[in-house]
Amino acid sequence: TELALAKAAVTAQIADARSNPEALARRVTDVVSYGADHVLARDIRGTPASIAALTMDDLKAFAARTLSPTLARYRVTGALSQAEARAALAPLAAAWQPRPVTIPGLA
């Protein structure tokens with residue numbers, strides 16, 4: 001259910017951007033700057049078709065390939081000590097095992 005709601009929200013954002021002059025200008029600038037086929041010229045949200053095709057298995061596979069504590073950073077704010085923050089994150093640290101992640105380069 002949450003995935004369906006998120007997909008609907010992102011699809012609506014893309015539709016809204018198509019009627020927003022500032023968003024259209026950014027898209028045109030990216031296409032002119034990088035070329036129509038470059039990854040940086042594409043909308044990071046995808047297309048309505050790619051969002052409709054997205055499944056929970058796709059998200060799990062993405063997370064397995066790209067999420068690792070070796071790349072994670074935490075910023076904690078509030079009235080707690082560093083020891084309290086570490087204690088609160090200890091279960092995550094125990095369960096989330098580091099693994100190498102390769103981030104592809106850009107042409």
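This is a short walk through the structure shown above, from its overall form to a few of its side chains.

Hi everyone, and thanks for coming. Please keep in mind that we are looking at a predicted model.

Let's begin with the whole chain. Its secondary structure comes to 5 helices and 0 strands, so following the sequence from start to end gives you the pattern α-α-α-α-α. How spread out is the protein chain next to a compact globule? The radius of gyration is 19 Å, while the globule rule for 107 residues gives 13 Å; the value is well over the rule, so the chain is more spread out than a compact globule. If you like to think in box dimensions, the C-alpha trace spans about 50 × 35 × 30 Å along its principal axes. And of the 107 residues, 8% count as buried.

A few distances may help you find your way around. Take Val10, which sits in helix α1, residues 2–17. Val10 counts as partly exposed, with a relative accessibility of 23%. Between Val10 and Ala85 there are 33 Å from C-alpha to C-alpha, and the two are 75 residues apart in sequence.

Now go to the segment after α5, where you will find Trp96 and also Arg99. Trp96 has a relative accessible area of 25%, so it is partly exposed. Its C-alpha atom is 9.6 Å from that of Leu67, a residue 29 positions away along the chain. Arg99 is partly exposed too, at 28% relative accessibility. For Arg99 and Ser19, which are 80 residues apart along the chain, the C-alpha separation is 42 Å.

Next, helix α2, my main stop today. Does its length come out as expected or not, and what is the span? Helix α2 has 14 residues, 21–34, and at 1.5 Å a residue these should span 20 Å. The end C-alpha atoms are 20 Å apart, which agrees.

Look at the two ends of that helix. At the start of α2, Asn20 points a side-chain oxygen to within 2.8 Å of the backbone nitrogen of Glu22. Just after α2 comes Gly35, with a positive phi of about 100°.

Glu22 has a second role to show you, in a salt bridge. Side chains of opposite charge can pair when their charged atoms come close. In this structure there are 2 salt bridges. One of them joins Glu22 to Arg26, with the closest N and O atoms 3.1 Å apart. Why are these partners separated by about one helical turn? Because they are 4 residues apart in helix α2. As for their surroundings, Glu22 counts as exposed at 55% relative accessibility, whereas Arg26, at 48%, counts as partly exposed.

Another salt bridge brings together the side chains of Arg45 and Asp43, at 2.9 Å from N to O. Arg45 has 31% relative accessibility and counts as partly exposed.

While we are in this part of the sequence, find His38, in the loop between α2 and α3, the latter being residues 48–53. Is His38 buried or exposed? With 18% relative accessibility, His38 counts as buried, because the cut-off for that class is under 20%. A polar atom of the His38 side chain lies 3.0 Å from the backbone nitrogen of Leu40.

Last stop, the surface. Which residues form a nonpolar patch there? They are Tyr74, Val76, Leu80, Leu89 and Leu92, and together they have about 410 Å² of accessible area. Tyr74 belongs to the loop between α4, residues 56–66, and α5, residues 82–95. Its relative accessibility is 48%, so Tyr74 counts as partly exposed.

To recap: we have a predicted model with 5 helices and 0 strands, and a chain that is more spread out than a compact globule. Along the way we met 2 salt bridges, a buried His38 and a nonpolar patch on the surface that includes Tyr74. Thanks for listening, and I'm happy to go back to any of these spots on the structure.

Definitions and conventions:
Residues numbered from 1 in each chain as written. Predicted model: local features only at pLDDT ≥ 70, side-chain atom pairs only at ≥ 80, totals over all residues. Heavy atoms only, no water. Expected span 1.5 Å × (residues − 1). Polar contact = N/O pair within 3.5 Å; in protein donor to acceptor, adjacent residues only side chain to side chain. Patch = residues over 30% accessible without salt bridge, like charges linked within 9 Å, V, L, I, M, F, W, Y side chains within 5 Å. Areas by Shrake-Rupley, 256 points an atom, 1.4 Å probe, with all protein chains shown as cover. Salt bridge = Lys/Arg side-chain N within 4 Å of Asp/Glu carboxyl O. Buried < 20%, exposed > 50% of the residue type's maximum accessible area, 1.4 Å probe, protein only. Rg over C-alpha atoms; globule rule 2.2 N^0.38 Å.
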